[in-house]
Structure formats: structure tokens, C-alpha cells
Amino acid sequence: MKPLDLQVNGYAGTDFNGDSLTAEALHHACHCLREDGCDSILATFITDDVATLERRMSTLVALREKDPLAQEVIAGIHIEGPFINPEKGYVGAHPPQCVKPANLEDTKRLLDAAGGLTKIITLAPEHDADYHVTEFLSSNGITVSAGHCNPSLEQLRAATEHGLSMFTHVGNGCPMLMHRHDNIIHRALALRDRLWLCFIPDGVHIEFFALINYLRSAGLEKTIFVTDAISASRLGPGNYKLAGWDIKIGEDLVARSPDGSHFVGSTVTIPRILTNGQQSLGLTKAELELLLDTNPRKAVGL
């Protein structure tokens, strides 16, 4: 098994979303990822103002070009935002003041900064007018994923007709309280034949019993596991940062905002996912290989 993790914000003390990324820190993160059995990742950048995102991605691209290990481990870039839903609950840990509607000008700026490495862009379909950005990205071979969003079922279905093919961390990036039936989780599951559905299997973002239900509904053929790892992954309890956020990691290894109101990424690792998958979800090694290796590579053309 050679896991490809489609959502990694940082690892082992290295924050891809910070302004002080160094060659040494990048190499260290890549070394630790390999040591923990992760073959490759998409380095993930979350919502900020466009100029800041450009600077951070350009830095990582330049450092990667000089490091053979980083070139092997970092298979591409996942841009999560800023074209998401700014409403509380849906915006999650993303800074709402930096959220904006999807538009081609900013999209092209971000793609240029990523140096041809962009594999996924997560956006809110309901904030992509006439699905122009979705169609543009899809036609250029980039996987478009819905996330931190609240489109109607009709909007979500229409977006798939314009190239949307994935849903980022189903069951998260949404409010704790929603309509009991007509909510974004059920809408995503309803389109399981059209969308790759990604889940964070840490037992915290989604309780295991609920994730088992989602997996039964979605089926494993179009399902993907991701870590949504942050810099605190692998380090244990303490205080950390993600893109300027102060994060507390408790004894339970859960990444929370300072006020404890919501999660800020995850600290789950590939070894823990393998353990969780077998012990708490009842998955076989072959099924975990499908969710961590085969399906992610199919979804992004790797």
C-alpha cells in the first residue's frame, strides 16, 4: 500500500500555511510522512487573502524544486478556499473576512502561484456563478471539490454537470445543527454516483458509528480517507499554530480552536487511520488500500 493523502496542511511541526516555511522544515515533514507510511500528499493551503496564498504556495513550490524527497512526497497542491461559504458553521476554521465568490481572475493567480502543481480546488458551488470556475478548472484537468458549502441538491447536481467530481471532508465544514433531512451531508450522499466522497476517519470529526453508516450508504468504490493533518500531527498535546490560528491539542489529540467551539484540522496519521479502520470500522486491509491508495489516485489522475 502506498497511501496518497489528498489533504495535508502540515506535519510534524511544519506548517505549510505559515509565512516562515524553510527548506529544513519542509524536508523534515516529508521525511516524517514517509516514516509514518504515507507515500505522497497534496500540500493543502486554506483560505487567506489571495496575495498571501500566492506567497505561501510560491515558497513551497520553490523549496520543493530543490529537494528530491519533497518532489517525491508532495505530488501536488490542494487549494481549499477562498471560494467557500462564509456563513458561520460552513466556513469552519477559515477566516470569513478572506472568503470571496469564485472568480476566474483570482483562480488564475492561484494556479500560477502553484506552479502547475494544483490537483484539487475546494469551493462552494453556490458561490460559483453559473459554475464558470468549476468548468474552467475541470477543463484544465483539475479536480473540483465541494466543501465548506451549502448548495441545494439542485445546485450540487448542476455543479457535477459542469465538472464537479469530489466532496471535501463530508460531515465536516458544516454547522452542528442543521435540518434533520435536507442537509449538505445527505445531499452529498445522494450524489455518491457522481462524487468522490472524502472522510476524516479519526473518530472525532465523525463518530465511528456514524462513519460506518456513511460508508454503507456511499459504498467504498467512490470513497476516500484523508487526514486533514496539521503541523501538530505526530507531536502530541500542546499549543500550535495553523495559518495564524492558535490551536490547542489536548490529551485526546484533538485540534480545537482556542475557545473550543470547533475543530481546526486533524492530528490523525496514516498509522492511526489503519488502526481505526480495522478496529473501529471493521475494514479489511484490502478495503483500506482502496480508500487510501487506489481511490485517491483515480480521483486526481495520479
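At what angle do helix α9 (residues 270–279) and helix α10 (residues 285–300) pack? In this predicted model, the angle is about 135°, and the two axes lie 10 Å apart. Angles from 115 to 145 degrees are neither roughly perpendicular nor roughly antiparallel, so α9 and α10 count as oblique to each other. Their crossing is right-handed.

Now look at the residues that make this contact. Helix α9 contributes Ile270, Ile273, Leu274, Gly277 and Gln278. Helix α10 contributes Lys285, Leu288 and Leu292. Sorted by class, the contact holds five nonpolar, two polar and one charged residues.

Turn next to another helix pair. Helix α2 covers residues 50–65, and helix α4 covers residues 104–113. Their axes come within 8 Å and cross at roughly 20°. Angles under 35 degrees count as roughly parallel, so α2 is roughly parallel to α4. The crossing of α2 and α4 is right-handed. On the α2 side, the contact is made by Val50, Ala51, Leu53, Glu54, Met57, Ser58 and Val61. On the α4 side, Asp106, Arg109, Leu110 and Ala113 take part. By class, the contact of α2 with α4 has seven nonpolar, one polar and three charged residues.

The strands come next. Eight of them form an open sheet with parallel pairing. The order across the sheet is β1-β4-β5-β6-β7-β8-β9-β10. At the edges sit β1 (4–8) and β10 (223–225), each pairing on one side only. Neighbouring strands are turned against each other by 25° on average, direction ignored. Strands of a sheet pair through backbone hydrogen bonds, either parallel or antiparallel.

Within this sheet, follow one pair. Strand β6 (residues 118–123) and strand β7 (residues 143–146) run parallel and are joined by four bridges. One bridge links isoleucine 120 to its partner in β7, threonine 143.

Is threonine 143 buried or exposed? Its relative accessible area is 7%. Buried means under 20%, so threonine 143 is buried. Leaving aside residues up to four places away in sequence, threonine 143 touches Lys119, Ile120, Ile121, Ser165, Met166, Ala299 and Val300. Among these, Ile120 is also the bridge partner of threonine 143. Two further contacts of threonine 143 are Ala299 and Val300. Helix α10 spans residues 285–300, which brings the tour back to the helix pair of the opening question.

Conventions. Residues numbered from 1 in each chain as written. Predicted model: local features only at pLDDT ≥ 70, side-chain atom pairs only at ≥ 80, totals over all residues. Heavy atoms only, no water. Axes fitted to C-alpha atoms, helices over the stretch in contact; angles between N-to-C directions. Helix = DSSP H or I, 4+ residues; strand = E, 2+ residues; numbered from the N terminus. Parallel < 35°, antiparallel > 145°, perpendicular 65-115°, else oblique. Left-handed = near helix turned anticlockwise from the far one by under 90°. Contact = heavy atoms within 4.5 Å. Nonpolar A, V, L, I, M, F, W, Y, C, P; charged D, E, K, R; others polar. Pairing = 2+ DSSP bridges. Buried < 20%, exposed > 50% of the residue type's maximum accessible area, 1.4 Å probe, protein only.
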